[in-house]
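Reader: Hi, I have a structure open and I'd like to talk through a few parts of it. Can we go step by step?

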Amino acid sequence: MANATYYAPQGGLPPQTDLLTDRAIVTEAYTVIPRGVMSDIVTSVLPEWTDTRAWIINRPVAGGATTFAQLIVEVAPGGGAQRPEPQDEVEGFVFVTQGALTVILDGAEHVLGEGGYAYAPAGTPWSARNDGDTNAVFVWIRKRYEPIAGHVPAPQVGNEQDIEPSAMPGTDGAWRTTRILDPQNLAFDMHVNIVTFEPGASIPFAETHVMEHGLYILEGKGVYHLNGDWVEVEAGDYLSLRAFCPQACYAGGPSNFRYLLYKDVNRQVAL
């Protein structure tokens, strides 16, 4: 997968000549944050980090997705954090989309290039820094871990390009899933996958399920069917889907349509 590409926001501001109309939308079932609205003025400075800014693209809110937070983080050369996660009960997953990030996880040092990832179980010490001479950009998923007896997750480090994707049944490989966290391991209360559609491939039915989604588009463009609405999306856009939001899509081409997908799994519903 040497030709894999990953979109990273560049910030800036649109010119004064632009129209105000855009594709951003918030509904009772889903949110779409298009890449064009990820400007400089919506970034946050995180107190644990130096020479860093972040686009916070999901957080638990009333009427929205509640299981996770998601950020796009840009770290300048020399920047980083000795203790990125301020809450011991929160697990984290980082995925690098630009540059390289040096992560020390549970005492071991790893340099994550583009497509590289690291999973830090709740309570596991980790740090991150940018030792390069260009900005490092990564997607960061945070979730309060739901422990269960007899199952403890281990740290995970790798690169998605080294994982063989699984073809979805009946698609001849045109729809395939790169499963980064083992879906059969009950220690994980979330899955993080990369979903790939070749041009023209589709999800041909409206998935309607309890799992919430955070969906960051890495490459290409497509059309998503969300709770009865058709929404055009492209690389750099972000979708947050509530539980039971009906969802389907097809890839628009000319390149593959790929996205990084979060979902909460493997736990009983708390009543």
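Author: Sure. Keep in mind that this is a predicted model. Let's start at one residue: Leu226 stands opposite Gln247 in β20.

Reader: Which residue stands opposite Leu226 in β18?

Author: That is Asp229. Leu226 belongs to strand β17, which covers residues 221-226.

Reader: How many bridges join β17 to β18, and how many join β17 to β20?

Author: Six bridges join β17 to β18. Five join β17 to β20. Both pairings are antiparallel.

Reader: Back to Gln247. What stands opposite Gln247 in β15?

Author: Glu207 does. β15 and β20 are antiparallel too, and they pair over three bridges.

Reader: What order do the strands of this sheet have?

Author: The order is β15-β20-β17-β18. It is an open sheet of four strands, with antiparallel pairing.

Reader: Which strands stand at the edges, and why is one side of each left without a neighbour?

Author: β15 (202-207) and β18 (229-234) are the edge strands. Each has a single partner strand, so one side of each has no neighbour in the sheet.

Reader: What about the twist?

Author: From one strand to the next, it averages 20 degrees.

Reader: And what holds strands together in general?

Author: Strands of a sheet pair through backbone hydrogen bonds, either parallel or antiparallel.

Reader: Is β20 mostly covered or uncovered?

Author: Mostly covered. β20 spans residues 247-251, and four of its five residues are buried.

Reader: New topic. How many cavities of 30 Å³ or more does a search of the whole structure find?

Author: One. About 40 Å³ of space lies in the largest cavity.

Reader: What lines the largest cavity?

Author: The lining is Gly92, Phe93, Val94, Val103, Leu105, Ala118, Tyr119, Ala120 and Trp126. Three elements give two or more residues to it: β5 (90-98), β6 (101-105) and β8 (116-120).

Reader: How do those lining residues divide into nonpolar, polar and charged?

Author: Eight are nonpolar and one is polar. None is charged.

Reader: Last one, Asn130. Where is the place of Asn130?

Author: Asn130 sits in the loop between β9 (126-129) and β10 (136-144).

Reader: Buried or exposed?

Author: Asn130 is buried, because its relative accessible area is 3% and buried means under 20%.

Reader: What lies 2.8 Å from a polar atom of the Asn130 side chain?

Author: The backbone nitrogen of Gly132.

Methods. Residues numbered from 1 in each chain as written. Predicted model: local features only at pLDDT ≥ 70, side-chain atom pairs only at ≥ 80, totals over all residues. Heavy atoms only, no water. Pairing = 2+ DSSP bridges. Axes fitted to C-alpha atoms, helices over the stretch in contact; angles between N-to-C directions. 1 Å grid on protein atoms, 1.4 Å probe; cavity = no way out; pocket = protein on both sides within 12 Å on 5 of 7 lines; lining within 4 Å. Points joined across faces, edges and corners; volume = space filled by probe spheres on them. Nonpolar A, V, L, I, M, F, W, Y, C, P; charged D, E, K, R; others polar. Buried < 20%, exposed > 50% of the residue type's maximum accessible area, 1.4 Å probe, protein only. Polar contact = N/O pair within 3.5 Å; in protein donor to acceptor, adjacent residues only side chain to side chain.
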